[in-house]
Amino acid sequence: VWVSRSACLMTTQLICKLLRSREAAAAVDVRTWPLILDTDDLPKKRPAQICKPCNPDTLAYLDFSVSTTGMLAGVKMSHAATSAFCRSIKLQCELYPSREVAICLDPYCGLGFVLWCLCSVYSGHQSILIPPSELETNPALWLLAVSQYKVRDTFCSYSVMELCTKGLGSQTESLKARGLDLSRVRTCVVVAEERPRIALTQSFSKLFKDLGLHPRAVSTSFGCRVNLAICLQGTSGPDPTTVYVDMRALRHDRVRLVERGSPHSLPLMESGKILPGVRIIIANPEIKGPLGDSHLGEIWVHSAHNASGYFTIYGDESLQSDHFNSRLSFGDTQTIWARTGYLGFLRRTELTDANGERHDALYVVGALDEAMELRGMRYHPIDIETSVIRAHKSVTECAVFTWTNLLVVVVELDGSEQEALDLVPLVTNVVLEEHYLIVGVVVVVDIGVIPINSRGEKQRMHLRDGFLADQLDPIYVAYNM
């Protein structure tokens with residue numbers, strides 16, 4: 001409210017009461033709040049006129065979220081960008097007024113808000129919203145709603161998928177007996193701002209195959225702060241492809257495709273299909289020149305639904321102004337691109353889409369901010385974390401970051417405190433064997449210490465701040481200096 005300088009709040013009766021309560025008054029003076037509108041008590045009369053923006057470039061809304069680096073920032077979406085965005089999604093997902101779409105995402109920001117609120121207004125389809133928090137007490141709620149309403153398109157987050165695979169693993173037979181049927185689902189899209197998690201999407205597909213879920217239905221999308229959806233799997237698009245790349249070459253920002261199962265191979269799944277009207281180029285983040293197919297570089301995007309800038313009160317907007325209007329240093333120097341801050345590569349495939357056009361696949365490798373420069377090579381946290389999680393059954397979650405040239409590995413332990421000591425040599429060995437890196441610090445913590453945002457993404461920089469401020473309350477810390 002403070003950062004966005006809001007003039008009015010829309011909320012439910014329950015929260016209205018809470019904001020006016022004595023407890024709230026102790027924290028903040030209620031008189032300083034902007035006007036509060038109770039959405040449960042809407043006026044019965046329809047307004048006489050509909051607001052029409054006089055200029056398509058005026059601000060339609062601010063999209064606020066906490067980034068994976070733990071910063072609260074809003075991006076500015078103009079009326080032109082918002083309608084271009086809705087049009088693009090409508091075309092890609094074939095959303096018509098007769099359709100019903102089930103959404104199990106927080107509706108407050110990013111693609112969750114656009115799908116739930118804006119797209120249903122623009123396309124006229126019915127949105128069924130299943131609050132992700134409800135799945136913690138009833139993991140079957142989302143899938144039961146999808147089955148009951150005979151939904152063909154549904155959207156979720158990785159945390160929702162994880163709740164379903166962990167919570168319903170042994171219940172598929174009883175769900176089948178209750179009439180749960182997922183055979184009508186054409187697309188089940190995971191909304192993400194990271195590299196697709198192949199292991200999770202595959203185990204989800206495998207688990208619910210018996211309930212009629214088609215394996216090709218599950219796919220992921222990709223969006224980021226500068227553009228909330230760059231890729232999204234459409235209904236008539238070709239199946240998402242998976243390639244295997246050499247992990248050693250990737251450390252030198254080179255992309256070398258290898259056979260499945262070959263040593264040091266890393267599977268990468270395509271992040272859905274590039275949305276209509278979106279152009280992508282892979283650029284060198286330092287010299288801002290275009291890169292060839294065999295290079296890993298920063299994903300730059302040119303699209304009518306790019307955001308027009310950051311909205312913060314920290315006064316650092318000018319530092320990031322090139323995020324929204326960058327030009328290549330050579331080649332096509334006229335086009336204005338937005339820099340996503342993510343590393344990836346494009347690959348031409350032999351596949352064609354419904355219009356007969358060649359399909360370009362985008363593979364996201366990781367965030368530039370979180371990539372770690374060690375021994376002159378670039379490492380991506382997710383690769384090291386995957387190795388550590390596989391090392392022991394008591395490790396439920398892991399996050400890595402660097403601190404003064406040292407690699408810090410934080411692991412969440414599900415077990416007795418005696419096991420914490422045993423984990424240290426296991427962690428250091430697996431990282432040394434698989435990544436040739438020496439671990440500087442191993443921090444063993446309780447479950448739930450690693451901060452995760454509403455989309456289920458780890459906030460590694462947030463965790464790093466907590467570690468440096470000595471706020472993690474660890475079970476055990478080992479310094480291997």
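So, domains to start with: the assignment for this chain gives domain 1 at 1–43, domain 2 at 63–367 and domain 3 at 375–479. Keep in mind that this is a predicted model.

Let's look at how domains 2 and 3 sit together. Their C-alpha centres lie 27 Å apart. On the contact side, 26 residues of domain 2 touch 19 residues of domain 3. People often quote the size of an interface as the accessible area lost when the parts come together. Here domain 2 and domain 3 bury about 2,000 Å² between them, and 47% of that is on carbon and sulfur atoms.

How many salt bridges cross the interface of domain 2 and domain 3? The rule finds 2. Now to a residue I'd like you to click on, arginine 378. Its side chain meets aspartate 253 in a salt bridge, 2.8 Å from N to O. Arginine 378 also has a salt bridge to glutamate 373, this one at 3.6 Å, N to O. And is arginine 378 buried or exposed? With a relative accessible area of 10%, arginine 378 is buried.

Staying with charges for a minute, the count comes to 16 salt bridges by this rule. Have a look at lysine 458 and glutamate 397, whose side chains meet at 3.0 Å, N to O. Lysine 458 is in the loop between strand 21 and helix 12, while glutamate 397 is in strand 19, so the pair ties together parts that are 61 residues apart in sequence. Both lysine 458 and glutamate 397 are buried. They also belong to a network of salt bridges that links Glu370, Glu385, Glu397, Lys458 and Arg460.

Arg460 brings us to helix 12, residues 460–468, where the buried residues are Arg460, Met461, Leu463, Gly466 and Phe467. What do those buried residues pack against? The partners are helix 10 (381–391), strand 19 (395–403), strand 20 (406–413) and strand 21 (439–445). After helix 12 comes aspartate 470, with a positive phi near 60°.

One more salt bridge before I move on: arginine 248 with aspartate 246, where the closest N and O atoms are 3.4 Å apart. The two partners sit in rather unlike surroundings. Arginine 248 is partly exposed, at 37% relative accessible area, whereas aspartate 246 counts as buried at 2%.

Okay, over to helix 4, residues 110–123. At 1.5 Å a residue, its 14 residues should span 20 Å, and the end C-alpha atoms are 18 Å apart, which agrees. Where is the kink in helix 4 centred? On cysteine 117, and the kink is about 30°.

Helix 4 is also largely enclosed by the rest of the structure, because 10 of its 14 residues are buried. Among those buried residues are Gly110, Phe113, Leu118 and Ser123. As for what surrounds them, the buried residues of helix 4 pack against strand 3 (59–66), helix 3 (79–93), strand 5 (100–104), strand 6 (126–129) and strand 7 (153–156). Right after helix 4 you'll find glycine 124, with a positive phi near 80°.

Next, a glycine in a loop. Glycine 169 lies between helix 6 (158–167) and helix 7 (172–177). From the kink residue, cysteine 117, glycine 169 is 52 residues away in sequence and 32 Å away in space, C-alpha to C-alpha. Glycine 169 is partly exposed, with a relative accessible area of 37%. If you leave out residues up to four places away in sequence, glycine 169 touches Cys164 and Leu207.

Last one: phenylalanine 204, in helix 8, residues 198–207. Why does phenylalanine 204 count as buried? Because its relative accessibility is 1%, and the cut-off for buried is under 20%. Neighbours within four places aside, phenylalanine 204 is in contact with Trp142, Leu143, Met161, Cys164, Thr165, Cys188, Leu213 and Val218. You'll recognise Cys164 in that list, since glycine 169 touches Cys164 too. And for a sense of distance, phenylalanine 204 and proline 238 are 34 residues apart in sequence and 20 Å apart in space, C-alpha to C-alpha.

That's it from me.

Key. Residues are numbered from 1 along each chain as its sequence is written. This is a predicted model: local features need pLDDT of at least 70, side-chain atom pairs count only at pLDDT 80 or more; totals for chains, interfaces and linings use all residues. Side-chain values use heavy atoms; hydrogens and water are left out. Helices (H or I, at least four residues) and strands (E, at least two) are DSSP runs, numbered from the N terminus. The expected span of a helix is 1.5 Å times one less than its number of residues. The bend at a residue is the angle between axes fitted to the seven residues ending there and the seven starting there. Buried means under 20% relative accessible area, exposed over 50%, partly exposed in between (1.4 Å probe, protein chains only). Contact means heavy atoms within 4.5 Å. Domain bounds come from an automatic or database domain assignment. Buried area is the accessible area (1.4 Å probe) that two parts lose on being put together, summed over both. A salt bridge is a side-chain nitrogen of Lys or Arg within 4 Å of a carboxyl oxygen of Asp or Glu.
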